[in-house]
Amino acid sequence: IEKDLLNSLQAMFIPILILLAVGMMVGVWMLSGTIPIIVYYGLLLIEPSIFLFVACIACCLMSIMSGTSWGTIGTIGVAFMGVSLGLGIPLHYTAGAIVVGAIFGDKMSPLSDTTVMAAAVSDVKLVDHIKHMLYTTVPGFIISLILYLVIGFQFSGQIADENISNILSTLDSHFNLNPLLILPPIILLIMIYKNKPTLPVFGVGIILGCLLAAIFQGKGPAEIAAALNNGFTGSTEVEIVDNMLQRGGLSSMLGTVALLIAAAIFGSPLRTAGVIDIILQSIQKLAKTGKTMMLSNLSLHSLFFIITGSYYVTFAVLGPMMKSMYDQYGLHRKNFSRTLEDTGTALAPLIPWSVTGAFIAQTLGVPTGEYALFAPMLYLGIVFAIIYILTGFGISKVSPTKIETNKNPSQTTDLV
């Protein structure tokens with residue numbers, strides 16, 4: 001048990017460092033004005049006919065840059081709901097657009113704790129995991145955007161919303177919104193696309209944030225250090241803006257770090273006692289091919305998530321149990337990490353009793369059943385996942401020499 005526990009904790013060490021780096025980067029990006037300027041220019045683009053489209057894109061950008069769908073929904077998502085009221089646009093339309101944008105950004109963001117956790121429990125490189133999710137996530141996202149454009153054609157008029165004006169004026173008065181502040185996320189996305197190591201990439205992001213905070217916002221070493229540790233804590237005296245900005249910091253990630261450690265502690269005795277082997281053997285009796293195995297895992301994780309309502313629980317419990325099955329069928333584990341997010345992160349807003357579903361319904365004031373139909377990306381990801389499993393498109397395999405170790409993703413081949 002002790003040996004398995006130490007091995008599990010060792011495997012979690014890099015993801016823990018990534019989470020801590022993410023917390024520091026979000027905090028200093030708030031302080032430097034990098035995230036505020038993205039929100040500012042996103043809000044300036046609003047016109048009635050493209051309101052739903054812009055709301056989705058703006059939430060997507062903020063969620064990608066901040067790594068939090070909850071933070072996006074609870075800040076500019078609430079602001080967009082106010083605009084929707086002023087324009088006479090049904091709230092369930094707007095709620096659907098907000099949720100799709102926030103969840104898409106959450107899945108695609110290397111700053112997201114669920115994205116990091118899904119990759120970690122599957123023993124997959126973070127960049128490989130994000131790229132592989134594009135297959136199931138982008139088609140549904142594009143279909144959602146087309147839907148919002150079609151719906152938006154019926155609306156016209158001028159926007160005169162006090163919430164938006166208040167946010168814009170507050171951001172403008174409290175930050176030096178120089179266009180150069182957009183450089184850090186652009187540089188990081190380029191580095192990530194070029195497969196640079198994750199920790200050094202985040203280190204570059206932190207350093208850039210510190211420099212921009214000093215140059216453009218006039219912050220001193222003490223304020224920058226405080227943002228790295230505790231996140232942005234400044235007050236604008238405007239509640240909705242403070243709720244938007246006051247987040248990040250190393251300390252904000254300690255709860256998620258504890259979850260990763262708990263997952264290691266919980267999973268090790270199960271593996272040592274043979275519980276995992278029994279579950280795997282049961283699935284293998286039913287799954288005679290790689291296709292049936294992947295369909296079984298997709299169905300099992302969906303069912304387990306619907307019952308528990310928490311992807312933190314399902315990722316931690318089922319992740320260590322199922323990932324090795326993909327080696328046996330010559331399939332890359334990133335197929336599994338993608339399944340976790342398609343049936344966990346994306347499914348969460350559709351389950352009323354899940355933590356995420358309850359949060360969204362309460363925050364936006366729209367019941368889950370009313371906005372679900374107007375958030376097609378959330379369920380289309382599962383549909384496309386099943387299609388890919390049956391056809392083999394977008395399914396990544398590993399070479400025979402990779403099946404035992406699965407440590408060098410560079411030797412993989414994609415069936416695309």
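Biologist: Let's start small: where does Ser63 lie?

Modeller: Ser63 sits in helix α3, residues 51–66. Helices here are DSSP runs of H or I with at least four residues, strands are runs of E with at least two, and both are numbered from the N terminus. Before we go on, a caveat: this is a predicted model, where local features need pLDDT of at least 70 and side-chain atom pairs count only at pLDDT 80 or more, while totals for chains, interfaces and linings use all residues. Residues are numbered from 1 along each chain as its sequence is written, and side-chain values use heavy atoms, with hydrogens and water left out.

Biologist: Is Ser63 buried or exposed?

Modeller: The cut-offs are under 20% relative accessible area for buried, over 50% for exposed, and partly exposed in between, using a 1.4 Å probe and protein chains only. Ser63 has 0% relative accessibility, so it counts as buried.

Biologist: And which residues does Ser63 touch?

Modeller: Contact means heavy atoms within 4.5 Å. Leaving aside residues up to four places away in sequence, Ser63 touches Thr68, Ser69, Thr72, Gly101, Ala102, Gly105, Asp106 and Ser109.

Biologist: Zooming out, how many helices and strands are in the chain?

Modeller: The chain has 20 helices and 2 strands. Of its 416 residues, 56% count as buried. Among contacts with a separation of 6 or more, 76% are between residues 24 or more positions apart.

Biologist: How many residues of helix α2 are buried?

Modeller: In α2, residues 34–44, 9 of the 11 residues are buried, which leaves this helix mostly covered. The buried ones are Thr34, Ile35, Pro36, Ile37, Ile38, Val39, Tyr40, Gly42 and Leu43.

Biologist: How do I read a pair of packed helices?

Modeller: Two packed helices are described by the angle between their axes and the distance between the axes. Axes are lines fitted to C-alpha atoms, for helices over the stretch in contact, and angles run from 0 to 180 degrees between N-to-C directions. Take α6 (residues 113–122) and α16 (residues 311–328): they pack at about 20°, with their axes 8 Å apart. That makes α6 roughly parallel to α16; the label covers angles under 35 degrees, with over 145 roughly antiparallel, 65 to 115 roughly perpendicular and the rest oblique.

Biologist: Which residues make that contact?

Modeller: From α6 come Asp113, Thr114, Met117, Ala118, Val121 and Ser122, and from α16 come Tyr311, Tyr312, Phe315, Ala316, Gly319, Pro320 and Lys323. By class, the contact has 8 nonpolar, 3 polar and 2 charged residues. Here Ala, Val, Leu, Ile, Met, Phe, Trp, Tyr, Cys and Pro count as nonpolar, Asp, Glu, Lys and Arg as charged, and the others, Gly among them, as polar.

Biologist: What should I make of phi values?

Modeller: Most residues other than glycine have a negative phi. Asp123 has a positive one, near 60°. Asp123 is in the loop between α6 and α7 (126–152) and, at 31% relative accessibility, is partly exposed. Glu237 also has a positive phi, about 65°. Glu237 is in the loop between α11 (221–230) and α12 (239–245), and is exposed at 75%.

Biologist: Last one: why is Cys59 not bonded to Cys56?

Modeller: A disulfide is a pair of cysteine sulfur atoms within 2.5 Å. The sulfur of Cys59 is 7.3 Å from the closest cysteine sulfur, in Cys56, so a bond is out of reach. For Cys60 the closest cysteine sulfur is also in Cys56, at 6.6 Å, again too far. Cys59 is buried at 0%, and Cys60 is buried at 6%. By this rule the count is 0 disulfides.
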